[in-house]
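Here is a short briefing for a first look at a protein model. Keep the sequence and the structure open while you read.

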Amino acid sequence: MTTTATPLDASSAPAAPRRRRTGLRRKQHIAGVLFALPVLILEGTILAVGLGQAIYYSFTRWDGIQSTWIGLGNYQRLFADMNFWRVVLNNLILLAAVPVAILIPLLVAYLLNEHVLGWRFFRSAYFLPTAISWVVIGMVAIRVFAVEGILNNLLAAVGIDLQTNLLSGEYSAMLAVAITFIWSVFGTNTIIFITGMATLDREIYEAARVDGATGFTTFRKITIPMLMRFIQFAFILTLITGFTALFSLIFIMTGGGPGFGSTTLEFYVYQQGFKVGAFGYAAAIGIVLFVVVFGISVAQLRLFRSRLD
Amino acid sequence: MDPKRRRRIARLVMFAILCVVAVIMLFPFVLMIVTSFRSKDQYVAGEGFSLDSWSQLFAAVPILTQLRNSTIVTAGGVALILVVSTTGGYAFSKLTFKGSGLVFLAVLSGMMIPMQSIIIPVYVNLAHLKGVNQFWSAIIVYAALGAPFATYLMTTYYRGIPTELIEASVMDGASYWQIFRKVMLPLAIPAITTVAVLQVIQIWDDLLVGLLFINDPAVRTITVGLAVLQNGRVVSIPMLMAGSLVSALPAIIVYLIFQRNLIQGLTMGVNK
């Protein structure tokens with residue numbers, strides 16, 4: 001790109017025929033900077049300054065007004081904090097839920113792609129929860145998992161008499177959150193995979209059929225490998241959703257409890273910051289979360305790049 | 001069994017599976033609607049219908065005020081996002097300047113910052129500026145969170161518009177601002193719609209920013225109002241379901257009308 005040439009070119013060699021062009025280019029550069037300004041000001045003042053402050057305050061004891069530099073104090077405290085490790089475990093449970101949240105949509109998308117009767121309706125129905133807030137999803141989920149709720153009734157109908165509320169158990173609460181999470185991202189992932197399958201060549205399937213491959217074999221040997229790029233994208237998107245977008249769901253369903261049973265990193269930030277008032281400590285937890293998410297994102301970019309090469 | 005019959009059975013099985021999945025996905029909505037049309041007693045009994053819970057909801061919660069607040073915040077946030085993403089996208093795609101590639105990457109990296117990682121200092125900053133319980137503070141935060149992806153979408157879209165179009169207009173003596181208004185904006189309507197639809201749903205459905213920045217009953221959004229109701233002492237489940245329905249309805253309508261744009265926005269991440 002010529003626009004990234006050194007500024008010396010323009011000033012040291014102002015050859016006469018080029019003057020009009022360089023003049024134009026300069027005008028364009030100025031216009032470019034001006035048009036880029038609004039987004040830069042917005043992102044700079046909120047995201048960049050916010051992140052800078054979060055990093056700085058993560059090394060302080062801070063109540064929102066006064067801060068005292070304590071070096072790595074917050075981080076040392078964090079790694080010795082038993083609750084923090086419980087919270088990390090909850091994030092790992094969400095991580096473990098991601099493959100399920102990928103595999104089910106993958107299978108369903110495969111079926112949808114066969115274009116059986118009513119497939120358009122099914123697609124819309126599956127995608128609908130995308131429009132619904134986590135608050136509403138959480139509210140309905142509470143009724144599903146209640147003692148007298150649908151889940152227990154269903155289980156009782158097939159002869160399993162549980163009579164428990166998953167949400168009230170210190171370990172089962174996270175399971176309930178994970179199930180709701182899988183349900184919520186089902187539509188999004190299904191759409192991603194349908195889009196991917198639409199790019200596949202139908203002739204490959206025909207060829208496989210002629211060779212006598214059964215449905216499951218073509219799914220395993222053709223669909224999955226050919227969709228790797230989409231699977232990877234869905235995996236990252238789902239993982240980041242699980243780590244950064246479930247605040248409202250947890251807030252409504254469990255409030256992070258019982259104990260720290262369903263507190264994830266993002267929820268722990270809110271809890272330590274706005275409930276306990278330990279702003280510096282909460283900032284440090286937020287930075288840990290940032291490092292995790294940033295690491296996942298960069299890893300994904302790397303993977304994409306290596307595939308392109 | 002002859003292969004034709006086998007295939008028909010296979011398709012029948014597939015249809016059956018898809019039906020079961022549809023029931024699982026739609027059942028919560030049915031539950032929500034049915035429950036909202038029952039009184040507390042009818043809910044316990046599991047039969048009968050009435051509008052009791054709806055009148056109870058409108059008596060207990062300033063629904064119209066909350067809907068208005070949600071509309072103000074959503075409209076403001078989306079408008080700000082559209083302003084910065086269309087201008088920014090124009091700059092990063094057609095008016096590249098020295099270092100603009102790096103600047104663009106910096107804006108994009110905003111997508112990798114979780115809201116929770118910055119929310120505490122941002123809250124303290126805006127509190128110092130007397131922004132708590134003011135719509136503008138929530139609008140700015142929503143815009144800052146939504147703008148990186150929106151700018152990415154706009155930039156990618158603008159890159160598909162031929163540069164010759166702009167050069168020709170420059171030769172005709174049009175200013176860059178005129179080109180933006182007369183050429184770039186009209187051409188970008190599909191991308192603008194996608195960004196708007198994504199962000200409307202995002203902001204309408206959000207809880208955390210609303211909970212922190214506009215939590216006073218007078219400025220509360222419907223999503224925050226609902227969460228407060230749920231965590232309160234009043235536990236009339238049918239009333240909560242009625243509230244859920246009201247809060248979900250606008251987003252569902254937007255979804256039904258603009259489903260295509262929503263899918264486009266979602267899948268743009270993989271196709272580019």
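How many helices and strands does chain A have? Chain A has 14 helices and two strands. Helices (H or I, at least four residues) and strands (E, at least two) are DSSP runs, numbered from the N terminus.

This is a predicted model: local features need pLDDT of at least 70, side-chain atom pairs count only at pLDDT 80 or more, and totals for chains, interfaces and linings use all residues. Residues are numbered from 1 along each chain as its sequence is written, while chains are lettered from A and ligands numbered from 1 in the order in which they are written.

**Chain A overall**

- The radius of gyration of chain A, taken over C-alpha atoms, is 26 Å.
- The globule rule (2.2 Å times the number of residues to the power 0.38) gives 19 Å for 309 residues, so chain A is more spread out than a compact globule.
- The C-alpha trace of chain A spans about 90 × 70 × 30 Å along its principal axes.
- Chain A is split into domain 1 (21-49) and domain 2 (83-308). These bounds come from an automatic or database domain assignment.
- The C-alpha centres of domain 1 and domain 2 of chain A are 38 Å apart.

**Where the chains meet**

- In chain B, 73 residues are in contact (C-beta atoms, placed from the backbone, within 7 Å) with 74 residues of chain A.
- Helix 13 (residues 237-271) of chain B gives the largest share of chain B's side, 16 residues.
- That side of chain B has 54 nonpolar, 16 polar and three charged residues. Ala, Val, Leu, Ile, Met, Phe, Trp, Tyr, Cys and Pro count as nonpolar, Asp, Glu, Lys and Arg as charged, and the others, Gly among them, as polar.

**A helix pair across the chains**

- Helix 5 (residues 119-127) of chain A and helix 1 (residues 3-36) of chain B pack at about 30 degrees, with axes 9 Å apart. Axes are lines fitted to C-alpha atoms, for helices over the stretch in contact, and angles run from 0 to 180 degrees between N-to-C directions.
- The two helices are therefore roughly parallel (under 35 degrees).
- A:Phe122, A:Ala125 and A:Tyr126 meet B:Leu18, B:Val21, B:Ala22, B:Met25 and B:Leu26.
- This contact has eight nonpolar, no polar and no charged residues.

**A helix pair within chain B**

- Helix 4 (residues 63-94) and helix 12 (residues 222-231) of chain B pack at about 135 degrees, with axes 8 Å apart.
- That makes helix 4 of chain B oblique to helix 12 of chain B. Oblique is what remains besides roughly parallel, roughly antiparallel (over 145) and roughly perpendicular (65 to 115).
- B:Gln66, B:Leu67 and B:Ser70 of helix 4 touch B:Ile222, B:Thr223 and B:Gly225 of helix 12.
- This contact has two nonpolar, four polar and no charged residues.

Key. Two residues are in contact if their C-beta atoms, placed from the backbone, lie within 7 Å.
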